[in-house]
Amino acid sequence: MNPDTARSTKFTYDDFVHFPEDGKRHEIIDGEHYVTPSPNTKHQVIVRKLILSIGGYLERHPIGEVFAAPFDVVLSQLDVVEPDLLYLSRERLNVLTKAHVRGAPDLVVEILSPGTRRTDTLTKRKLYERFAVHEYWVVDPVRDVVKIYRRTGDAFGPAVEVSAEKDEALTTPLLPGWSARLKEVFTSPA
């Protein structure tokens, strides 16, 4: 995921809406344009499993809404991202519009790929922290681990890592009683 360096001015949301619909993910972070190719099979399987698990939980406990990419999150005119998954609690549903999310979700999930590793682990972590996202999960499909960053005060606390190898489950205080065994989340047909 490399910023577009051919342009010296910053991109805005107005530019974002004119980016091509080319099957790639276009995002703007601090006015810089990032483009990534479509995700691989394991990435898509993980997204599907998480959306089904969290979505099923929310059907039984209607405390919010879950969404998967492509779905724009407009944090500011210079910051527009498309997280792999996001959750909005009932209390934060006011940031949901007919077109996108305009504000910070409660939970953001990014699944790493070779081209997004640095951006997801550093740049986006700082972005989500700055815009007061409550919790940020960085899912690593190579190592079969999830790093969880939870807000403590004005910043994320130290990451907590859960692993499929240790047969651990993914949980969050945002979804009381929900859990997903990582061995199941990371099992892919390809």
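Here is a short conversation about salt bridges, burial, cores and a pocket in this predicted model.

Visitor: Why are Asp-84 and Arg-25 called a salt bridge?

Guide: Their closest N and O atoms are 2.8 Å apart, and the rule asks for a side-chain nitrogen of Lys or Arg within 4 Å of a carboxyl oxygen of Asp or Glu, so the pair qualifies. Asp-84 sits in the loop between β6 (79–81) and β7 while Arg-25 belongs to strand β2, so the pair ties together parts that are 59 residues apart in sequence.

Visitor: What makes the pair Glu-110 and Arg-25 a salt bridge?

Guide: Here the N to O distance is 3.8 Å, and the cut-off is 4 Å, so this pair counts too. Glu-110 is in strand β9 and Arg-25 in strand β2, 85 residues apart. Both bridges feed into a network of salt bridges that links Arg-25, Glu-27, Asp-84, Glu-110, Asp-120 and Lys-124.

Visitor: Why is Arg-25 called buried?

Guide: Its relative accessible area is 15%, and buried means under 20%, so Arg-25 fits the word. Glu-110 fits as well, with a relative accessible area of 1%.

Visitor: What are Glu-161 and Arg-143 called, buried or exposed or partly exposed?

Guide: Glu-161 has 35% relative accessibility and Arg-143 has 47%. Buried is under 20% and exposed is over 50%, so both residues are partly exposed. They also form a salt bridge, with the closest N and O atoms 3.0 Å apart.

Visitor: How do you know that Asp-106 has no salt bridge?

Guide: The nearest side chain of opposite charge, Arg-92, is 4.2 Å away. The cut-off is 4 Å, so no bridge is counted. Asp-106 is buried all the same, in the loop between β8 (101–102) and β9 (107–111). Its contacts include Tyr-87, Ser-89, Arg-92 and His-134.

Visitor: Which residues have the most contacts inside the largest nonpolar core?

Guide: In this core of 25 residues, they are Ile-54, Trp-137, Val-146, Leu-170, Trp-178 and Leu-182. Helix α2 (41–60) is among the elements that give two or more residues, and with six residues α2 gives the most. Apart from this core lies another, of 20 residues, including Ile-29 and Leu-86.

Visitor: And what lines the largest pocket?

Guide: The lining has 20 residues, with Lys-24, Arg-25, His-26, Pro-70 and Glu-82 nearest the centre. The volume of the pocket is about 470 Å³. Here too α2 gives the most, with three residues of the lining.

Technical notes. Residues are numbered from 1 along each chain as its sequence is written. This is a predicted model: local features need pLDDT of at least 70, side-chain atom pairs count only at pLDDT 80 or more; totals for chains, interfaces and linings use all residues. Side-chain values use heavy atoms; hydrogens and water are left out. Helices (H or I, at least four residues) and strands (E, at least two) are DSSP runs, numbered from the N terminus. Buried means under 20% relative accessible area, exposed over 50%, partly exposed in between (1.4 Å probe, protein chains only). Lys and Arg count as positive and Asp and Glu as negative; His and the chain ends are not counted. Contact means heavy atoms within 4.5 Å. A nonpolar core is a set of buried Ala, Val, Leu, Ile, Met, Phe, Trp, Tyr and Cys residues joined through side-chain atoms within 4.5 Å. On a 1 Å grid over the protein atoms alone, a cavity is a set of points where a 1.4 Å probe fits but cannot get out, and a pocket is an open set with protein on both sides within 12 Å along at least five of seven lines; lining residues have an atom within 4 Å of a point. Grid points are joined across faces, edges and corners, and a volume is the space filled by probe spheres set on the points. Lists of a residue's contacts leave out its neighbours within four places in sequence.
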